[in-house]
Amino acid sequence: MGLDKKITAIGFIGTGVMGKSMARHLLDAGFELFVYNRSKEKAEELLAKGAKWAGSPGELAKKTEVIISIVGYPQDVEEVYLGKNGVVENAKEGTYLIDMTTSTPSLAEKIYHAAKSKGLKALDAPVSGGDIGARDAKLAIMAGGDEEDFREMKHIFDLLGTNVVYQGPAGSGQHTKMCNQIAIASNMIGVTEAIVYAKKAGLNPETVLKSISTGAAGSWSLSNLAPRMVKGDFEPGFFIKHFIKDMKIALEEAKRMDMEVPGLSLAESLYEELSRNGEENSGTQALYKYWK
C-alpha cells in the first residue's frame, strides 16, 4: 500500500526536546504537518519551516489522518486523547492515533478501546534514544495495538527510528518501554560510579571510556551520557523529572505483578533525591552530581 499517497496530513502534539526533531523529520519527508503544543513558542521553529498551527488537540484532529503525540505525563496523554476538546471526540473515522509518550499500559488500553468505539485506530509506541536518537531519526520504537495498524504505520515509524518492533496488543509497547527503563535505571548507577571511581583513582575518564565503552561494560548510556558527565554537560536529552515518572510507573507495574525490583528502587530513590535538590529539569546524566 502506498501510504505516502493515502496519508497527506499528519498532526503532531508535543514539540519539546524530542518531539521537535521527530516532527521535523515528517516535514522533511513532505507531509503536511499540523502541530499543537501547550507553549506555542516551542513550536515556532517548526512553524517557520512550514508546519501549521492548531489551537487544540481537537482542532488538530479534524485536519489530519494520522496523529502522533509525545507529551510529558500520563495525565497529559489522557487530556490530549480523552479530554473535552481531545483527539478521540474530534478525529475523523479511520484516523490513526499514535501515542509515543512513555505512559501507563492501562491508559494505552483505555485509549485503544475508546478509539475503537469511534472507528479510530490507536497504537501505543513509546521510544528510546533521547534527544540524539530523535535528532538522527535513530530511535528505538516499541509498538502495541493491532498488528495490521502497526503495518500500516510502519513507513511513518521508519522516518523516526531504525529499530521499529511490534510487541503485541494494546499496552504492549508501554510494557516494553518499562523493560527498557528498568534496564537503564540500574545501568545509570553503574555508569556514574565508574566515572566517579576513575576520577578518584587519578585516571583520565576520557581515556578510561575509550577502553571500557567497547568491551563487556559497553552500553548506550556509557557511550552517550558518560562523556557528558565528564564534560560537566547536564543539559537534558531526557529530563530527570520524566525519568522519575517512568520509574514510578515501572515500580507500580512490578508491584502489581508481585515482583521485587531492588535495582530500580535504588535508582528511583537516588533520582528523587536529586529532584529534591533542584535537578528535576537536568538530564539523567546529572546523577553524577549525587556523588559530588
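A polar contact, as I shall use the term, is a pair of N or O atoms within 3.5 Å, one able to donate a hydrogen and the other to accept it. With that in hand, good morning. The structure above is a predicted model, and I shall begin with one of its helices.

Helix H11 covers residues 205–212. Its N-terminal end is capped by asparagine 204, where a side-chain oxygen lies 2.9 Å from the backbone nitrogen of glutamate 206. Which residues of H11 are buried? They are Pro205, Val208 and Leu209. Viewed down the helix axis, these buried residues fall within an arc of 100 degrees, and so they line one face of H11. As general background, an α-helix has 3.6 residues a turn, so residues three or four places apart point the same way. The buried residues of H11 pack against three helices, namely H10 (172–200), H12 (220–224) and H13 (226–231). On the other side of H11, Lys210 and Ser211 are exposed.

Helix H2, residues 19–28, gives another picture. Of its 10 residues, 8 are buried, so H2 is largely enclosed by the rest of the structure. The buried residues are Gly19, Ser21, Met22, Ala23, Arg24, His25, Leu26 and Leu27. After H2 comes glycine 30, with a positive phi near 100 degrees.

I turn next to asparagine 37. This residue is found in the loop that runs between strand E2 (32–36) and helix H3 (44–48). Is asparagine 37 buried or exposed? Its relative accessible area is 12%, and because buried means under 20%, asparagine 37 counts as buried. What does its side chain reach? One partner is the backbone nitrogen of threonine 15, at 2.9 Å. Another is the backbone oxygen of serine 39, which lies 3.0 Å from a polar atom of the asparagine 37 side chain. If neighbours within four places in sequence are set aside, asparagine 37 is in contact with Gly14, Thr15, Gly16, Lys42 and Trp53.

A second buried polar residue is glutamate 279, with a relative accessible area of 13%. Glutamate 279 belongs to helix H15, residues 262–279. Its side chain makes a polar contact of 3.2 Å with the side chain of lysine 289. Lysine 289 also appears among the contacts of glutamate 279 beyond four places in sequence, together with Ile240, Leu274 and Ala286.

Now to the charged pairs. In general, side chains of opposite charge can pair when their charged atoms come close. How many salt bridges does a search of the whole structure find? The search finds 15. In one of them, aspartate 146 meets lysine 116, at 2.8 Å from N to O. Aspartate 146 sits in the loop between strand E8 (139–144) and helix H9 (147–157), while lysine 116 sits in helix H7 (residues 105–117), so the pair ties together parts that are 30 residues apart in sequence. Aspartate 146 is partly exposed, at 25% relative accessible area, and lysine 116 is partly exposed as well, at 46%.

Lysine 154 and aspartate 158 form a further salt bridge, with their closest N and O atoms 3.0 Å apart. Here lysine 154 is partly exposed at 28% relative accessibility, and aspartate 158 is partly exposed at 36%.

The bridge between lysine 245 and aspartate 246 has a closest N to O distance of 2.9 Å. Where do these two residues stand in terms of burial? Lysine 245 counts as buried, at 10% relative accessibility, and aspartate 246 is buried with a relative accessible area of 0%. Salt bridges also link Lys248, Glu268 and Glu272 in a network.

Finally, the aromatic rings. The structure holds 7 aromatic pairs. One of them joins tyrosine 290 and tryptophan 291 in an edge-to-face arrangement, 5.1 Å from centre to centre and with 75 degrees between the planes. Tyrosine 290 is partly exposed, with a relative accessible area of 34%, and tryptophan 291 is partly exposed at 31%. Elsewhere, Phe150, Phe157 and Tyr166 make up one aromatic cluster. A charge and a ring also come together, with lysine 241 over the face of phenylalanine 239 at 5.1 Å from the ring centre.

That concludes the presentation. Thank you for your attention.

Definitions and conventions. Residues are numbered from 1 along each chain as its sequence is written. This is a predicted model: local features need pLDDT of at least 70, side-chain atom pairs count only at pLDDT 80 or more; totals for chains, interfaces and linings use all residues. Side-chain values use heavy atoms; hydrogens and water are left out. Rings of Phe, Tyr and Trp (its six-membered ring) pair if their centres lie within 6.5 Å; planes under 30 degrees apart count as stacked, over 60 as edge-to-face and the rest as tilted. Buried means under 20% relative accessible area, exposed over 50%, partly exposed in between (1.4 Å probe, protein chains only). A charge sits over a ring if NZ of Lys or CZ of Arg is within 6 Å of the ring centre and within 35 degrees of the ring normal. Helices (H or I, at least four residues) and strands (E, at least two) are DSSP runs, numbered from the N terminus. Contact means heavy atoms within 4.5 Å. The arc is that of the directions from the helix axis to the C-beta atoms. A salt bridge is a side-chain nitrogen of Lys or Arg within 4 Å of a carboxyl oxygen of Asp or Glu.
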